[in-house]
Amino acid sequence: MVDAIALIFGVHQTTVDKLLGRDGMHPSIMAPMEYVFKLTLVDNDAGGIPALWGEHNPEFDDNVTPLMMLGVLPSVLARRAYRARTRIAAALERYFSARHDGAAGVSAFVRERSRLLRSYGVDDGELARNETAITLVATSNAVATLFWCLAELFARPDLLRDVRAEVARAVAVQGEGRRATVPAAGLEARVPLLASAYREAIRLASQSVASRRVLRDTVVSAGAGGPSYLLRAGTDVFLPAKQVHRDRAVWGADAERFDARRFLARAHGGGASDDVLRLRRAAFVPFGGGKHLCPGRHFVFVENLATMAALALGFELDGLDAARLQMAESRRGETAKPVPGMAGGPVVLRRRKGWEDVVWEFSW
Ligand code: HEM
């Protein structure tokens, strides 16, 4: 999606036009977010090419997500999704067999993963089946977390004002034709309030459930004086982020509420002590943990933070109705999306006055 960010913010004007629409009107903020999703994955009619897979993008189908969690007789119980997944794997196998992953314009993410897996002897068929998951994991959670951060930020004029002030200090605007450069590398240190707001959006939206099977009898302990638990070999253990992220013992009595400054250190104006922040860091598990900890976590943090910085500074979102924002229950352990029809209502996304001519760039 990094490539998509560049596409959105000025490299291809056609994409900006498509994203905003002719009058910038959208049924909700989710619409442009979903457009980014499509652009990353499937669309190649936007004056660009799909950001992940390059110009030889396989023809993807939708309706495959039920299979990601369903392991019981999938060909019977999730027939449509099963067929869709089989077609995706077949399309990817043709893609990998033709070595399209080595072509110019393919994201480094796709190129390096296939290089590494092939170096371990993984053949094209296995590679294709493995990579079907990427179509989902690399995009859907990232888009949903961006949605919530954007919605929470633009629903709070005071917060938006403070974020704009810190982002304005971090972004360099210069040159003829006015180029605004967001320094994606090292951005967090320059925009601590925005980074805290983004973590807070993830905290509330994350409903992932990491699962593990215990291989050997294992004792886990809550530390000195705390209880210990024996996890027997063969048992399945689940780590549900939603419960952990709303535990009042860790997050306080207002754990259900969005507080943009919750992750801010005192040095930056936050209210929590260093000890509390340490505890919260340990209880922040949107990316799972251990050996299978999400490998995209730093990547997605930078891409969404940089995108948010540009959106906050250069764009207005008119018409957002905070009373019409409601989070749905996620049924498959992915980041929560809004309840249908409760995504904040119709909005107009437009460039801010004085920022109409700016071309956005991201430095790495
Ligand atoms: C906000 C966005 C994201 C969230 C909330 C998220 C969350 C997760 C979670 C909960 C897991 C399972 C971890 C576990 O079982 O312990 C996971 C795995 C994974 N994620 Fe992410 N992820 C995000 C973005 C991404 C991106 C952008 C990529 C790639 C570009 C990515 C690639 C992967 C891969 C390949 C795995 C499987 C790791 C393994 O099984 O070893 N994720 N992610």
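Helix α6 is followed by Arg99, a residue whose phi is positive, near 60 degrees. In this predicted model, Arg99 takes that positive phi of about 60 degrees although it is not a glycine. Most residues other than glycine have a negative phi. Arg99 belongs to the loop between α6 and α7, and it counts as exposed because 11 C-beta neighbours lie inside 10 Å, a number that falls within the limit of 12 or fewer for that class.

Helix α6 itself comprises 19 residues, 79-97, which at 1.5 Å a residue should span 27 Å, and the end C-alpha atoms are indeed 27 Å apart, so the expected and modelled spans agree. The buried residues of α6 are Ala81, Ala84, Arg85, Ile88, Leu92, Tyr95 and Phe96. These buried residues cover an arc of only 105 degrees around the axis, which means that they lie on the same side of α6. An α-helix has 3.6 residues a turn, so residues three or four places apart point the same way.

The loop between α6 and α7 (108-119) also contains Ala103, which counts as partly exposed because it has 15 C-beta neighbours inside 10 Å, a value between the limits of 12 for exposed and 20 for buried residues. When residues up to four places away in sequence are not counted, Ala103 touches Gly54, Glu55 and His56. Of these partners, Glu55 is 48 residues from Ala103 in sequence, while the C-alpha atoms of the two are 8.3 Å apart in space.

The chain as a whole holds 17 helices and twelve strands, and buried residues account for 36% of its 364 residues. Among the contacts in the chain that link residues at least 6 apart in sequence, 72% join residues at least 24 apart.

Attention turns next to the ligand. The ligand is surrounded by 21 residues, of which Asn141, Ser208, Gly288, Cys294 and Gly296 are the closest. By residue class, this shell divides into twelve nonpolar, nine polar and no charged residues. Two helices, α10 (140-154) and α17 (297-314), each supply at least two residues of the shell, and α10 gives the most, with three residues.

Helix α10 has 15 residues, for which a span of 21 Å is expected at 1.5 Å a residue, and the separation of 21 Å between its end C-alpha atoms agrees with that value. Of the 15 residues of α10, 14 are buried, and the helix is therefore largely enclosed by the rest of the structure.

Cys294, one of the residues closest to the ligand, is covered by the annotation "binding site" in an unreviewed UniProt entry. Cys294 is placed in the loop between α16 (274-282) and α17, where it is partly exposed because 16 other C-beta atoms lie within 10 Å. Leaving aside neighbours within four places in sequence, Cys294 is in contact with Phe287 and Gly288, and Gly288 is likewise listed among the residues closest to the ligand.

Gly296, also among the closest residues to the ligand, has a C-alpha atom separated by 8.7 Å from that of Val137, although the two residues are 159 apart along the chain. Val137 is found in helix α9, residues 134-137, and is partly exposed because it has 15 other C-beta atoms within 10 Å.

Two further pairings involve Leu194. The C-alpha atoms of Arg261 and Leu194 are separated by 8.8 Å, with their positions 67 residues apart along the chain, and those of Asp162 and Leu194, 32 residues apart along the chain, are separated by 9.0 Å. Arg261 is located in the loop between α15 (248-251) and α16, whereas Asp162 has its place in helix α11, residues 157-170. Arg261 is partly exposed because 17 other C-beta atoms lie within 10 Å, and Asp162 is also partly exposed, with 17 other C-beta atoms within 10 Å. The contacts of Arg261, not counting residues up to four places away in sequence, are with Leu193, Ser196, Gly269, Gly270 and Gly271.

Terms used:
Residues numbered from 1 in each chain as written. Predicted model: local features only at pLDDT ≥ 70, side-chain atom pairs only at ≥ 80, totals over all residues. Near = placed C-beta within 6 Å. Helix = DSSP H or I, 4+ residues; strand = E, 2+ residues; numbered from the N terminus. Nonpolar A, V, L, I, M, F, W, Y, C, P; charged D, E, K, R; others polar. UniProt positions renumbered as here; feature names shortened; annotations may be inferred. Contact = placed C-beta atoms within 7 Å. Expected span 1.5 Å × (residues − 1). Arc of directions from axis to C-beta.
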